[in-house]
Amino acid sequence: MSIQVKWVGIDFGQTLCDSSPERTYWMIGDTSKELGQPELIDVRCHRWRVLKERYGSWVAIKEGHRDEIASFVFDDHPDAMATFSIMEQKYTKVADGAMDAIKYLKEQGIEISVVAELKRTFGPIGTDQVSRFLINQNIIDYFNELITPQGSVNLRDGYVDLKYKGSSKETGDLYDILAGDLLERGIKPSEAVIMGDKEWSDITPAQKRGFKAIQYIGFTYRAPSNAEFTIRHFSELKNILTGVKG
Ligand SMILES: [Mg+2]
């Protein structure tokens, strides 16, 4: 069974972006070398494990306690976070099969955007973690927009729209705004699909606004959902999504 859609919104962390937690040790190692402190790699990796036990997961630290990476892991070294961000980019990859799937969607005439839970810096293209990733991975041309709770940016012309600021995927008001935006362009929520890993922020709140939903469990399987589809690999998108002809 497949569904016809005009628009796909893909979540970033643990969906489009493969950010397996093990890679963090390489990031800490390379950052320490770059700072000229290779002798501190072991102690910093240990501190990282301490942080992980304290907050539960890599994602929780990255999204909620990033300042402690600077202060606790890297002893407030003034250059640490700039270097760490570069290493993050180096070790973060597009999910397996995502490139082919994205090309397929474009051939079908389906528009693709990123719907990310960005909690920090947001502004012109290339100033935030997500658009930098899209540029570095050479895939930014496939995407129309980056939509986040900090605002949205049109990846074609760079136009920044702040009406999303303060909204959230979890409470779902981000999807209310998105549904309105798409309707203005002739796309009904039922012709749009949200793909992501988290039941409580990517799936259920989007479905409540009439979007279709795909739960991606390639990296994590946090909670089952009533998503229309649950997939393990991006290649499965070819079987479940087709464009709207004519
Ligand atoms: Mg996610």
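In helix 8, the buried positions are Leu174, Tyr175, Leu178 and Leu182. Viewed down the helix axis, the buried residues of helix 8 fall within an arc of 85 degrees, so they line one face. Gly180, Leu183 and Glu184 sit on the other side of helix 8 and are exposed. The model described here is predicted.

The length of helix 8 was checked against its residue count. Helix 8 covers residues 173-184, twelve residues in total. At 1.5 Å a residue, the expected span is 16 Å. The end C-alpha atoms lie 17 Å apart, which agrees with that expectation. The cover over the buried residues of helix 8 includes strand 2 (7-10), strand 6 (145-148), strand 9 (192-196) and helix 9 (199-208). Gly186 comes just after helix 8 and has a positive phi of about 85 degrees.

Helix 9 is part of that cover. Its own buried residues are Ser201, Asp202, Ile203, Pro205 and Ala206. These are covered by elements including helix 8, strand 9 and strand 10 (212-216). Just after helix 9, Gly210 adopts a positive phi of about 95 degrees.

Helix 7 (residues 129-136) was examined next. Gln129, Val130, Ser131, Phe133 and Leu134 are buried in helix 7. Strand 3, helix 5, strand 5 (111-115), strand 6 and strand 7 (151-154) are among the elements that cover them. Strand 6 is also among the elements covering the buried residues of helix 8. Asn138 follows helix 7, and the phi of Asn138 is positive, near 65 degrees.

Nonpolar packing was then considered. In soluble globular proteins, nonpolar side chains tend to be buried together. The largest nonpolar core in this model holds 45 residues. Val8, Val114, Val130, Val193 and Ala213 have the most contacts inside that core. Of these, Val130 belongs to the buried set of helix 7. Ala213 touches Val193, Ile194, Ile203, Ala206, Gln207, Ala227 and Glu228, leaving aside residues up to four places away in sequence. Apart from the largest core lies another, of ten residues. Its members include Met27, Ile28, Trp48 and Phe84.

Ile28 and Trp48 also appear in the contact between helix 1 and helix 2. Two packed helices are described by the angle between their axes and the distance between the axes. Helix 1 (residues 23-34) and helix 2 (residues 41-55) pack at about 145 degrees, with axes 9 Å apart. Their crossing is right-handed. On the helix 1 side, Thr24, Tyr25, Ile28, Gly29 and Ser32 make the contact. They meet Ile41, Arg44, Cys45 and Trp48 of helix 2.

Asp30 also lies in helix 1. Asp30 counts as partly exposed, because it has 18 C-beta neighbours inside 10 Å, and a residue needs 20 or more to be buried. Asp30 and Met87 are 57 residues apart along the chain, yet their C-alpha atoms are separated by 6.9 Å. Gln37 is placed in the loop between helix 1 and helix 2. With 16 other C-beta atoms within 10 Å, Gln37 is partly exposed. Gln37 and Ala101 are 64 residues apart in sequence and 41 Å apart in space, C-alpha to C-alpha.

Ala60 is located in helix 3 (residues 58-64). Its 13 C-beta neighbours inside 10 Å make Ala60 partly exposed. The C-alpha atoms of Ala60 and Ser113 are separated by 24 Å, with the two positions 53 residues apart in chain numbering.

Two loop residues other than glycine were also noted for backbone geometry. Gln14 has a positive phi, near 65 degrees. Gln14 is in the loop between strand 2 and strand 3 (17-18). It counts as buried, because 22 C-beta neighbours lie inside 10 Å. Asp75 has a positive phi near 45 degrees. The loop between helix 4 (66-73) and helix 5 (80-91) contains Asp75. Asp75 is partly exposed, with 13 other C-beta atoms within 10 Å.

Key: Residues are numbered from 1 along each chain as its sequence is written. This is a predicted model: local features need pLDDT of at least 70, side-chain atom pairs count only at pLDDT 80 or more; totals for chains, interfaces and linings use all residues. Helices (H or I, at least four residues) and strands (E, at least two) are DSSP runs, numbered from the N terminus. The expected span of a helix is 1.5 Å times one less than its number of residues. A residue is buried if 20 or more other C-beta atoms lie within 10 Å of its own, exposed if 12 or fewer, and partly exposed in between; C-beta atoms are placed from the backbone. The arc is that of the directions from the helix axis to the C-beta atoms. Two residues are in contact if their C-beta atoms, placed from the backbone, lie within 7 Å. A nonpolar core is a set of buried Ala, Val, Leu, Ile, Met, Phe, Trp, Tyr and Cys residues joined through C-beta atoms within 7 Å. Axes are lines fitted to C-alpha atoms, for helices over the stretch in contact, and angles run from 0 to 180 degrees between N-to-C directions. A crossing is left-handed if the near helix is turned anticlockwise from the far one by less than a right angle, and right-handed if clockwise.
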